[in-house]
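Please examine the structure shown below. The questions that follow ask how its descriptions are justified.

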Amino acid sequence: MPRAPEPEEDDLDAIAPPQPVFHVEQALLGALLLDPHRLGDVTGIAADSFSTAAHAALFAAISTLPPPDPAEHAKNTKWLDRVLATGQQQARELTASYLHTLVQVCPWPRHAPAYARMVEAEHARRRLQTAAERLIQTVHDASHPHPDETVLAVADALTAVVDDIASRFPPRAGVLPRTAAPPPAITTDRTEAVEEEQLLLATATAHPADIESIRWLLPDDLTRPLHAGLWQCLTALARRREPVDPVTVLWEAQQRGLLDNASEPDEVLRLLAEPAGSVEHWGERALQRSLLATADHAGRRISAYAGDPANTPFQLVVGARRALADISAVRTRWQHATGTVPPPRPRPAPATRAGPPTTTAAHAARAARATR
């Protein structure tokens with residue numbers, strides 16, 4: 001069994017780096033330890049941009065302490081000793097030996113701005129993945145009394161992260177992520193959805209005049225292909241102002257080829273024969289499920305893109321915005337259905353890439369209602 005290292009052991013440089021960015025961070029920190037004046041050339045990152053607590057603490061110490069006199073720094077290690085002491089207040093595992101390692105592994109101190117840009121890019125990827133995973137978790141959290149509002153608020157927070165990354169790495173037209181998007185999730189327990197969709201179809205068949213009032217509901221919002229096809233039949237008959245009843249819907253279904261997929265006529269007639277409640281109520285329920293499913297799929301797409309380190313920030317922005325556009329489309333229809341008037345979500349002003357933090361400086365829902 002491996003022996004647990006003692007606290008005083010210098011084990012930082014013995015840990016296998018989990019990501020290439022670990023080497024980049026080492027090179028950047030080494031450059032700043034060698035030439036502290038290059039901190040002025042490093043922009044767009046802060047301590048939390050680093051992938052390890054030790055590197056974050058060390059960068060914070062370098063950024064906080066006044067830079068040394070270049071001539072004095074070349075002759076002694078007083079400033080490095082102060083950096084180490086300050087960094088150890090946040091990361092006790094830092095040692096003088098590790099600072100020496102950082103200096104040794106830095107290829108070219110003058111490349112510090114390029115190293116910082118790489119750290120910034122990797123931090124953007126981690127931020128995006130964290131925000132996408134939070135959206136997925138929120139969709140599946142059954143404790144929220146108003147899941148639609150909560151999910152849309154989290155989707156807005158994810159959008160804000162994408163906007164901030166885009167301000168730092170403006171996307172290039174047509175540059176899509178290399179990663180294949182995951183297929184839509186398959187829900188194992190669909191009993192409630194199936195029953196409610198059957199009630200929707202039966203109630204719309206019994207009250208076809210109400211179909212016009214829920215034009216915001218689309219066939220793709222329903223979970224079963226048969227249900228989606230029958231909803232198309234109902235809306236087509238209503239649009240053509242033809243008689244609507246279980247038999248006419250069955251005939252329309254046959255004309256559309258819906259009965260070729262092992263759907264028996266008796267099954268369709270039974271499905272359409274038991275109305276209850278209102279068409280609008282069941283339509284809203286179906287649309288809410290569609291909204292949550294769309295948010296889940298968008299979150300999983302963005303998480304997959306961000307989880308692939310081969311994707312550049314430019315590609316992440318393009319892919320994420322396409323996924324978020326799917327949520328926006330369903331959101332607009334949900335606002336039609338519920339008549340909600342959400343406050344407009346402010347768009348962030350274009351940000352300039354921030355410089356390093358100092359002792360006196362720190363780092364610094366919804367769309368408007370759609371009308372029918």
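**Classification and evidence**

Q: Why is glutamate 252 called buried?
A: Glutamate 252 has a relative accessible area of 10%, and buried means under 20%, exposed over 50% and partly exposed in between, with a 1.4 Å probe and protein chains only. Glutamate 252 therefore counts as buried.

Q: On what kind of model do these statements rest, and how are residues numbered?
A: This is a predicted model, in which local features need pLDDT of at least 70, side-chain atom pairs count only at pLDDT 80 or more, and totals for chains, interfaces and linings use all residues. Residues are numbered from 1 along each chain as its sequence is written, and side-chain values use heavy atoms, with hydrogens and water left out.

Q: What makes arginine 240 and glutamate 252 a salt bridge?
A: The term requires a side-chain nitrogen of Lys or Arg within 4 Å of a carboxyl oxygen of Asp or Glu. The N to O distance for arginine 240 and glutamate 252 is 2.9 Å, so the pair qualifies. Arginine 240 lies in the loop between α9 (225-239) and α10 (246-255), and glutamate 252 in helix α10, 12 residues away. (Helices are DSSP runs of H or I with at least four residues, strands are E runs of at least two, and both are numbered from the N terminus.)

Q: Is arginine 240 buried, exposed or partly exposed, and why?
A: Its relative accessibility is 37%, so arginine 240 counts as partly exposed.

Q: What places arginine 289 and glutamate 196 in a salt bridge, and which parts do they join?
A: Their side chains meet at 2.7 Å, N to O. Arginine 289 belongs to helix α12 and glutamate 196 to helix α8 (residues 191-206), so the pair ties together parts 93 residues apart in sequence. Glutamate 196 is buried because its relative accessibility is 9%.

Q: How do you know that the buried residues of α5 lie on the same side?
A: In helix α5 (residues 96-105), Tyr98, Leu99, Thr101 and Leu102 are buried. They cover an arc of only 155 degrees around the axis, which puts them on the same side of α5; the arc is that of the directions from the helix axis to the C-beta atoms. On the other side, Ala96, His100 and Gln104 are exposed.

Q: How do you know that the length of helix α13 agrees with its number of residues?
A: The expected span is 1.5 Å times one less than the number of residues. For the 26 residues of α13 (residues 313-338) this gives 38 Å, and the end C-alpha atoms are 36 Å apart, which agrees.
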